[in-house]
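Notebook open, coffee poured. I want to look up the charged side-chain pairs here and then see what sits around the metal.

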Amino acid sequence: MQYLNPWKRLIKSSRKPIFEFQQGCSPPAETNLNLIRACIFDLDGVIVDTAHYHFLAWKRLARELGYELTLADNENLKGVSRKRSLEIVLELGGVTATEHEKELMANKKNTWFNDYVERMMPEEIFPGVRQLIVDLKKNGIKVALASSSKNARTVIQLLRIQHEFDAIVDGTMIEHSKPHPEIFLLAAKKLDVKPEECLVFEDAEAGVAAALAAGMKCVGVGNPQQLNKANEIVAKTADFKISELSKL
Ligand code: G6P
Ligand code: MG
């Protein structure tokens, strides 16, 4: 029986890498075609709705500072570190604070956030996301988590999804938060893939900017106006079709 290598056939017959992803079929590592070999997922707002819990906690702090934080304001907090988020919240409220006061405020917000998060159940993973990750891996695509959150490990443990990732990078491992590309470059390094072989899933404008600055492709999850720099936009993470990988 003749052995049929689908990759060889398609690579020969087409200058553009058009191929069908399917179960158990992985791209050959030795080709120099610009294939996506890894997907990197943000956490908050991409895998689970913890973005909403961050919003509730910042809103509560803003109320204590004497103003109402809006959903539009919150877009600027997505993807950026706790420290930077606090600075934005203070700027929006026209509040000045000493370093010690800032530390107390950041701790308070984090305590509230953890109060919301500690009751989370695995069922709170967005529908279809676990399956998407499983399917990507079946197709030989490596999968990483890259979240600026220092609580990311706690969240993925509560969701019982930590074992699905080939690499995990969180807010405790980076110096610069998104839109700086550091987090995604570190994830690519841990996965042993080139940046241009990575596709990032992001719900934050700062996250899309970070992915592009890293030289990666990006799927924006959410509002098309906000995420218009992304290569593709989906309303929900699980709307992404694996067959799109070859078209990006
Ligand atoms: C993510 C979220 C941000 C959050 C940041 C830090 O990037 O999108 O909203 O501020 O992580 O989270 P942390 O859990 O460390 O306060
Ligand atoms: Mg996010």
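**Charged pairs and a metal site**

Glu87 and Arg84 sit three residues apart in helix α4 (residues 82-93), so about one helical turn separates them. I should jot down early that this is a predicted model. The side chains of Glu87 and Arg84 meet in a salt bridge, at 2.9 Å from N to O. I looked up exposure for both partners: Glu87 is partly exposed, with a relative accessible area of 26%, and Arg84 is partly exposed too, at 33%.

**Entry: the network**

Which residues do shared salt-bridge partners join into one network? I find Asp42, Lys178 and Glu202 in it. I then pulled up one pair from that group: Lys178 and Asp42 meet through their side chains in a salt bridge, 3.1 Å from N to O. Lys178 lies in the loop between β3 (167-169) and α8 (182-191), while Asp42 lies in the loop between β1 (38-41) and α2 (50-65), so this pair ties together parts that are 136 residues apart in sequence.

Are the two partners buried or exposed? Lys178 is buried, its relative accessible area being 1%. Asp42 counts as buried as well, with 5% relative accessibility.

**Entry: another pair, and the total**

I also checked Glu68 and Arg63, whose side chains form a salt bridge at 2.9 Å, N to O. Here Glu68 counts as partly exposed at 43% relative accessibility. Arg63 comes out at 51% and counts as exposed; the cut-off for that label is over 50%.

How many salt bridges does a search of the whole structure find? I get 13. A general reminder to myself: side chains of opposite charge can pair when their charged atoms come close.

**Entry: the magnesium ion**

Next I went to the magnesium ion (ligand 2) and asked which protein donors it has. They are Asp42 (OD), Asp44 (O) and Asp203 (OD), lying 2.0 to 2.1 Å from the ion. For Asp44 I noted the atom as O, whereas Asp42 and Asp203 are each listed with OD. In sequence, the donor residues are spaced D-x1-D-x158-D. Asp42 and Asp44 are both buried.

Asp42 turns up twice in my notes: it is a donor of the magnesium ion (ligand 2), and its side chain also meets Lys178 in a salt bridge.

Technical notes:
Residues numbered from 1 in each chain as written. Chains lettered and ligands numbered in written order. Predicted model: local features only at pLDDT ≥ 70, side-chain atom pairs only at ≥ 80, totals over all residues. Heavy atoms only, no water. Salt bridge = Lys/Arg side-chain N within 4 Å of Asp/Glu carboxyl O. Helix = DSSP H or I, 4+ residues; strand = E, 2+ residues; numbered from the N terminus. Buried < 20%, exposed > 50% of the residue type's maximum accessible area, 1.4 Å probe, protein only. Donors = N, O, S within 2.8 Å, 3.2 Å for Na, K, Ca; no water.
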